[in-house]
Amino acid sequence: MKILGIESSCDETACAVVEDGKTVLSNIVASQIDEHRLYGGVVPEIASRRHAENIGWVTSEALERADCSLDDIDAVAVTYAPGLIGALLVGVSYAKGLAMAAKKPLVPVHHIAGHIAANYISHPDLKPPYLCLVVSGGHSHIVEVLDYCKYRVVGRTRDDAAGECFDKVARTLGYEYPGGKFIDAAAKKGNAAAFDLPHPKVQGSEYDFSFSGLKTAVINLVHNAQQKGIEINREDMAASFQRTISEILCTKAMLAAEDLGYTTIAVAGGVSANSGVRERITAQCEKRGYKLFLPELKYCGDNGAMIACQGFYDFAAGRRADMSLNAVATLSIENL
């Protein structure tokens with residue numbers, strides 16, 4: 001079964017063809033990073049316009065690379081929530097038109113479910129139930145994956161997402177957008193013990209995250225040093241910050257796994273590409289004898305393959321949408 005997957009929730013216009021939920025026949029991504037870098041972050045109106053310009057050729061190239069036509073496609077899957085509303089609308093509208101014209105079923109896919117499903121591409125042997133740490137620019141969740149299409153959120157951020165925190169700290173240190181890769185590169189050259197940064201906690205919610213205080217602590221340290229004419233070593237700060245955020249993410253995930261009885265752990269989302277996060281959670285899982293699944297780096301960020309993969313499981317579960325399908329900016333993965 002071949003599923004065409006369309007993703008346009010933020011600043012990547014992506015389309016892929018995936019067979020049987022695991023074999024990627026094509027995966028095309030048109031990134032807008034260079035343009036948004038000029039503004040230090042994603043500008044929603046620009047993102048929507050670029051999606052409208054790119055989605056046609058991206059889809060055509062995905063079909064061509066997969067060596068198939070729309071007649072060979074069994075269903076069209078599309079990210080409909082959550083994300084930037086204008087960006088989502090471009091993908092949803094295009095997918096609806098494509099499905100109607102080709103007389104193919106339309107499958108609505110939740111963006112976070114797509115990130116989780118990226119692990120099925122890299123690890124065909126991974127099967128629910130398991131615990132997944134989802135960390136990206138807009139989301140930080142600890143999710144029980146009860147089945148391929150059934151989830152329970154046991155922990156979430158109460159303020160900033162981990163990826164957002166990376167970007168804001170990077171900006172404070174003078175690095176370009178997106179900040180994650182610059183922090184990661186700088187951290188490899190710095191002393192991770194140079195700064196003692198806070199580990200914020202959410203009272204009464206032991207699995208929830210809070211990154212606002214960590215971000216503010218870094219900003220205050222840097223600004224206070226600047227006001228006093230003291231130069232902070234950027235690489236040491238980057239290393240200390242990356243160590244701290246990795247500790248927070250992994251400690252919460254391990255606590256949830258122990259309490260809930262999970263020995264199979266997965267990580268998903270853009271921040272799952274961060275070397276500090278990968279190294280720390282790998283060490284923690286090895287220490288406890290847990291099985292760990294990490295997506296290949298090319299499937300960590302937003303892409304169409306993850307949507308097509310999850311679309312396969314949603315399609316098998318009977319999920320369909322008609323032409324009234326609309327984009328939804330905010331939607332819990334539990335409300336599917």
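**Figure 1. Salt bridges within helices H2 and H1 of the predicted model.** Glu-61 and Arg-65 both belong to helix H2, which covers residues 44-65, and they stand four residues apart, about one turn of the helix. In this predicted model, the two side chains form a salt bridge in which the closest N and O atoms are 2.7 Å apart. Glu-61 has a relative accessibility of 24% and therefore counts as partly exposed, while Arg-65, with a relative accessible area of 54%, is exposed. Side chains of opposite charge can pair when their charged atoms come close. A salt bridge is also formed by the side chains of Asp-34 and Arg-37, with 3.2 Å from N to O. Because Asp-34 and Arg-37 are three residues apart in helix H1 (residues 33-37), about one helical turn separates them. Asp-34 counts as exposed, since its relative accessibility is 59%.

**Figure 2. A salt bridge between helices H9 and H8.** The side chains of Arg-280 and Glu-247 meet in a salt bridge, with 3.7 Å from N to O. This pair links distant parts of the chain, for Arg-280 lies in helix H9 (residues 275-288) and Glu-247 in helix H8, 33 residues apart. Arg-280 counts as partly exposed at 28% relative accessibility, whereas Glu-247, at 18%, counts as buried. Elsewhere, Asp-34, Arg-37 and Glu-176 are joined into one network by salt bridges that share partners. A search of the whole structure finds 17 salt bridges.

**Figure 3. Asp-236, a buried residue that has no salt bridge.** Asp-236 is found in helix H8, which covers residues 234-260. The nearest side chain of opposite charge is that of Arg-243, and it is 11 Å away. Why does Asp-236 have no salt bridge? A salt bridge needs a side-chain nitrogen of Lys or Arg within 4 Å of a carboxyl oxygen, and the nearest side chain of opposite charge is 11 Å away, so the condition is not met. When its neighbours within four places in sequence are left aside, Asp-236 is in contact with Gly-190, Asn-191, Ala-194 and Phe-195.

**Figure 4. Strand E5 and its pairing with strand E4.** Strand E5, made of residues 106-110, is mostly covered, and five of its five residues are buried. In a regular strand the side chains alternate between the two faces of the sheet. Both faces of E5 are covered, with Leu-106, Pro-108 and His-110 buried on one side and Val-107 and Val-109 buried on the other. Strand E4 (residues 75-81) pairs with E5 in the parallel sense over five bridges, and the bridge partner of Val-76 in E5 is Leu-106. Together with helix H3 (residues 85-102), the strands E4 and E5 make a right-handed β-α-β unit.

**Figure 5. Aromatic rings joined into a cluster.** A search of the whole structure finds eight aromatic pairs. The rings of Tyr-120 and Tyr-130 have centres 6.4 Å apart and planes at 80°, so this pair is edge-to-face. Since Tyr-120 lies in helix H4 (residues 111-122) and Tyr-130 in strand E6 (residues 130-135), the pair ties together parts that are ten residues apart in sequence. Both Tyr-120 and Tyr-130 are buried. Phe-312 and Tyr-313 form an edge-to-face pair as well, with 5.1 Å from centre to centre and 80° between the planes, and both of these residues are buried. Ring pairs link Tyr-120, Tyr-130, Tyr-148, Phe-312 and Tyr-313 into a cluster.

**Figure 6. Backbone details in four loops.** Most residues other than glycine have a negative phi, and most peptide bonds are trans. The peptide bond from Pro-128 to Pro-129, however, is cis, with omega near 5°, and Pro-129 is found in the loop between H4 and E6. The bond from Tyr-177 to Pro-178 is also cis, with omega near -10°, and Pro-178 is found in the loop between helix H5 (162-172) and helix H6 (179-187). Asp-20 has a positive phi, near 55°, and lies in the loop between strand E2 (12-19) and strand E3 (23-31), where it counts as partly exposed at 40% relative accessibility. Phi of Asp-67 is likewise positive, near 55°; this residue is in the loop between H2 and E4 and is exposed, with a relative accessible area of 71%.

Note on methods
Residues numbered from 1 in each chain as written. Predicted model: local features only at pLDDT ≥ 70, side-chain atom pairs only at ≥ 80, totals over all residues. Heavy atoms only, no water. Buried < 20%, exposed > 50% of the residue type's maximum accessible area, 1.4 Å probe, protein only. Helix = DSSP H or I, 4+ residues; strand = E, 2+ residues; numbered from the N terminus. Pairing = 2+ DSSP bridges. Right-handed = clockwise from strand over helix to strand, strands pointing away. Lys, Arg positive; Asp, Glu negative; His and termini not counted. Contact = heavy atoms within 4.5 Å. Phe/Tyr/Trp six-rings, centres within 6.5 Å; stacked < 30°, edge-to-face > 60°.
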